[in-house]
Amino acid sequence: VLGKQGAGKGTQCVRLSRHYVIPHISTGDLFRTAAAAQTPYGKLVEHYIAEGELVPDDVVIGVVAERLAEDDTIRKGFVLDGFPRTLAQAEGLAELLAPDDLDLVLDLEIPKEVALARLSERRVCVSCGTNYSLSRPPKFDWTCDICGGEVVQREDDSEEAIRRRLMLYEEETAPLVAWYEERGKLAVIDGLGEPDEVQARMVAAIDAAIRSRHQ
Ligand code: AMP
């Protein structure tokens with residue numbers, strides 16, 4: 001799933017993974033977990049994340065390669081969230097999956113002003129990653145409804161890091177939309193509206209792609 005920061009990728013990808021009962025692979029989540037555990041590569045990636053910079057392609061591709069080699073993804077498929085983000089990553093992914101390929105790439109579209117507004121309002125559970133916002137807080141005192149974890153503002157949701165991430169999206173990630181379109185893989189999804197409505201659009205696009213493949 002492609003889409004600028006604030007498009008709701010994380011929330012929608014979690015829901016897709018439940019709907020189709022497949023693993024949700026978020027490179028951002030993998031990096032945040034490694035950074036919190038202070039593993040060697042966690043230490044390597046944490047300053048990129050805090051500053052809104054992209055983690056180097058070879059590190060990202062290595063992490064994804066390891067995850068895709070696990071049993072659950074091999075058996076069931078997967079939904080990728082926040083990866084690929086550069087052309088080199090898209091090419092690396094194609095190599096990892098060959099002779100197979102992605103079934104479909106969804107591009108979740110929202111205007112930049114909406115992205116900025118959503119990101120500055122965003123709050124997230126430090127334990128399970130569930131997203132909230134100032135206008136949709138957890139029920140009790142910034143404690144996660146799902147797991148009881150603390151709900152905070154992400155370090156990289158500072159104004160400066162947000163600006164940098166959106167700029168990198170335009171420079172590095174947006175060209176992937178045309179890249180996947182040329183390969184006949186792309187479905188553009190309107191990311192505005194209630195999360196339920198957006199999810200229904202995504203599921204409809206995926207189901208249509210599955211049906212056409214079986215015809
Ligand atoms: P996300 O949770 O997807 O917004 O990712 C948070 C941060 O992790 C990004 O701002 C990057 O610093 C890093 N990151 C996540 N995925 C990637 C990726 N595919 N390529 C490079 N950096 C990434």
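By class, the shell around the ligand is made up of seven nonpolar, four polar and six charged residues. The structure described here is a predicted model, and this shell is a handy place to start looking around it. In total, 17 residues surround the ligand, and the closest are T27, R32, E53, G82 and Q89. Two helices stand out as suppliers: α2, spanning 27-37, and α3, spanning 40-51, each give at least two residues to the shell. Of the two, it is α2 that makes the largest contribution, with four residues.

A few polar contacts show how the ligand is held in the model. At E53, a polar backbone atom sits 2.6 Å from an oxygen atom of the ligand. V55 also uses its backbone, with an N or O atom lying 3.0 Å from a ligand nitrogen. R85, on the other hand, takes part through its side chain, where an N or O atom is 3.0 Å from a nitrogen atom of the ligand. As for how much of the ligand is covered, it would expose 480 Å² taken alone, and the protein buries 96% of that.

Next come the aromatic rings. A pair of aromatic rings is described by the distance of the centres and the angle of the planes. Searching the whole structure turns up two such pairs. In one of them, F31 and Y41 have ring centres 6.1 Å apart and planes at 75°; angles over 60 degrees count as edge-to-face, so that is the label for this pair. Because F31 belongs to helix α2 and Y41 to helix α3, the pair ties together parts of the chain that are 10 residues apart in sequence. Both of these helices have already come up as suppliers of the ligand shell. The two partners differ in how much they are covered. F31 has a relative accessibility of 6%, so it counts as buried, since the cut-off for buried is under 20%. Y41, at 29%, is partly exposed.

The other aromatic pair is formed by W179 and Y180, and it is edge-to-face too, with 5.1 Å from centre to centre and 85° between the planes. Here W179 counts as buried at 14% relative accessibility, and Y180 is buried as well, at 4%. W179 has a further partner: R183 lies over the face of the W179 ring, at 3.7 Å from the ring centre.

A charged residue tucked away from the surface also deserves a look. D156 is found in the loop that runs between β7 (151-152) and α8 (159-173). With a relative accessible area of 6%, D156 is buried. Its side chain is not without a partner, though, as it makes a polar contact of 2.8 Å with the side chain of R154.

The backbone has some less usual spots. Most residues other than glycine have a negative phi, and most peptide bonds are trans. Against that background, the peptide bond from F83 to P84 is cis, with omega near 0°. P84 sits in the loop between β3 (79-81) and α6 (87-97). Another cis bond runs from A98 to P99, this time with omega near 5°. P99 is placed in the loop that links α6 to β4 (105-109), so to speak on the other side of α6 from P84 in sequence. 

Positive phi values turn up as well. D141 has a phi near 40°, positive in a residue other than glycine, and W142 shows a positive phi too, near 55°. D141 lies in the loop between β6 (131-133) and β7, and W142 is also placed between β6 and β7. In terms of cover, D141 counts as exposed at 58% relative accessibility, whereas W142 is partly exposed at 32%.

Finally, there is L16, which belongs to helix α1, residues 9-20. At 3% relative accessibility, L16 counts as buried. L16 and T173 are 157 residues apart in sequence, and their C-alpha atoms are 21 Å apart in space.

Terms used:
Residues are numbered from 1 along each chain as its sequence is written. This is a predicted model: local features need pLDDT of at least 70, side-chain atom pairs count only at pLDDT 80 or more; totals for chains, interfaces and linings use all residues. Side-chain values use heavy atoms; hydrogens and water are left out. A residue is near a molecule or strand if one of its heavy atoms lies within 4 Å of it. A polar contact is a pair of N or O atoms within 3.5 Å; within protein, one must be able to donate a hydrogen and the other to accept it, and residues adjacent in sequence count only if both atoms are side-chain atoms. Accessible areas come from the Shrake-Rupley method with a 1.4 Å probe; for residues, only the protein chains shown count as cover. Ala, Val, Leu, Ile, Met, Phe, Trp, Tyr, Cys and Pro count as nonpolar, Asp, Glu, Lys and Arg as charged, and the others, Gly among them, as polar. Rings of Phe, Tyr and Trp (its six-membered ring) pair if their centres lie within 6.5 Å; planes under 30 degrees apart count as stacked, over 60 as edge-to-face and the rest as tilted. Buried means under 20% relative accessible area, exposed over 50%, partly exposed in between (1.4 Å probe, protein chains only). A charge sits over a ring if NZ of Lys or CZ of Arg is within 6 Å of the ring centre and within 35 degrees of the ring normal.
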